Amino acid sequence: MKAYWIDLNDVVQHPGRRVEYPLEIWLEREEAPPLAEPIRGTLVAESGGRIIRLQGEFHTVVWLECGRCLSYFQLPVTFELHEEFPMQGIPSGVSSAGFATVEDKDSFPVFEGNLLRADDLLRQYLLLELPMAPVCRDDCKGLCPTCGHNLNEGECTCAPRKGHPAFESLARAWYEEETN
Ligand SMILES: [Zn+2]
Ligand SMILES: [Zn+2]
């Protein structure tokens, strides 16, 4: 599995330092919807001495399956990231004997020491932005319940439903008997 690590040690050891990391990341397919475009944006890391602040605005395009017509469509997604993590220890930029490390006590940690797993962090944000019940468009007509034709591509030849469903199934059973 490919991981996208960013070494933030330089920021961590220098209070007041601010570094920008332009990112372009593809996520592993099993863990996120397929991406039509990589996640692009700039991650800004800033040390406040006792905390490290991460922020940035990111954009991508994901492939989703429409819940009504079952076709795949692209959805552009933009999200803003804001995170703060406490740090422990004295930064080496302050005292040559010191060494500060990021403390990530989250149940899904994105830091290992002062290395940030950027793909994990971005995935967490991306998943929160996705709709629970995706539809390709608000007026998607869905599929014909009889023949499965995609009604966005035009009407099918099925007769419009009328009459009581019980009579309909009775008529169908009768018809099937005759043709057998
Ligand atoms: Zn649809
Ligand atoms: Zn039909």
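Two residues are taken to be in contact here if their C-beta atoms, placed from the backbone, lie within 7 Å. The description that follows concerns a predicted model, and it moves from the helix that lies across the strands to the two sheets and then to the nonpolar core.

## Helix H2 and the strands beneath it

In contacts of this kind, helix H2 lies across strands S2, S3, S4 and S5, and it runs at about 125° to S5. The helix has twelve residues, which at 1.5 Å a residue should span 16 Å, and this agrees with the 17 Å that separates its end C-alpha atoms.

Which residues of H2 are buried? They are Ala 118, Asp 119, Leu 121, Leu 122 and Leu 126. Because these residues cover an arc of only 160° around the axis, they fall on the same side of H2. The cover over them includes S1, S2, S3, S4, S5 and S8, whereas the face turned away from the buried side carries two exposed residues, Leu 127 and Leu 128.

## The five-strand sheet

Five strands make up an open sheet in the order S2-S3-S4-S5-S6, and their pairing is antiparallel. Strand S2 (18-25) and strand S6 (101-102) stand at the edges with a single partner strand each, so one side of each has no neighbour in the sheet. Strands of a sheet pair through backbone hydrogen bonds, either parallel or antiparallel.

Following the sheet from S2, eight bridges join S2 and S3 in the antiparallel sense, and Leu 23 stands opposite Gly 41 in S3. S3 and S4 also run antiparallel and are joined by eight bridges, with Glu 37 placed opposite Val 61 in S4. Val 61 has a bridge partner in S5 as well, namely Pro 76, and the antiparallel strands S4 and S5 are joined by 15 bridges.

## Turns between the strands

The hairpin of S3 and S4 has three residues between its strands, and within this hairpin Gly 49 takes a positive phi near 95°. A positive phi is also found in the loop between S4 and S5, where Leu 70 lies; its phi is near 65°, although the residue is not a glycine. Is Leu 70 buried or exposed? Since a residue with 12 or fewer C-beta neighbours within 10 Å is classed as exposed, and Leu 70 has 12 of them, Leu 70 counts as exposed.

## The three-strand sheet

A second open sheet is formed by three strands in the order S1-S8-S7, again with antiparallel pairing. Strand S1 (5-7) and strand S7 (111-112) are at its edges, and each has a single partner strand, so one side of each is left without a neighbour in the sheet. S1 and strand S8 (residues 115-117) pair over three bridges in the antiparallel sense, and the partner of Trp 5 in S8 is Arg 117. Helix H2 (residues 118-129) packs on this sheet too, where it touches S1 and S8 and has a direction that makes about 40° with that of S8.

## The nonpolar core

The largest nonpolar core has 21 residues, and those with the most contacts inside it are Leu 8, Val 12, Ala 45, Ile 52, Leu 116 and Leu 122. At least two residues of this core are supplied by each of helix H1 (9-12), strand S3 (35-47), strand S4 (51-65), strand S5 (72-88) and H2.

Ala 45 can be followed further: leaving aside neighbours within four places in sequence, Ala 45 is in contact with Leu 8, Val 11, Val 19, Tyr 21, Ile 52 and Leu 54. In soluble globular proteins, nonpolar side chains tend to be buried together.

Definitions and conventions. Residues numbered from 1 in each chain as written. Chains lettered and ligands numbered in written order. Predicted model: local features only at pLDDT ≥ 70, side-chain atom pairs only at ≥ 80, totals over all residues. Pairing = 2+ DSSP bridges. Helix = DSSP H or I, 4+ residues; strand = E, 2+ residues; numbered from the N terminus. Axes fitted to C-alpha atoms, helices over the stretch in contact; angles between N-to-C directions. Core = buried A, V, L, I, M, F, W, Y, C linked by C-beta atoms within 7 Å. Buried ≥ 20, exposed ≤ 12 C-beta atoms within 10 Å, placed from the backbone. Expected span 1.5 Å × (residues − 1). Arc of directions from axis to C-beta.
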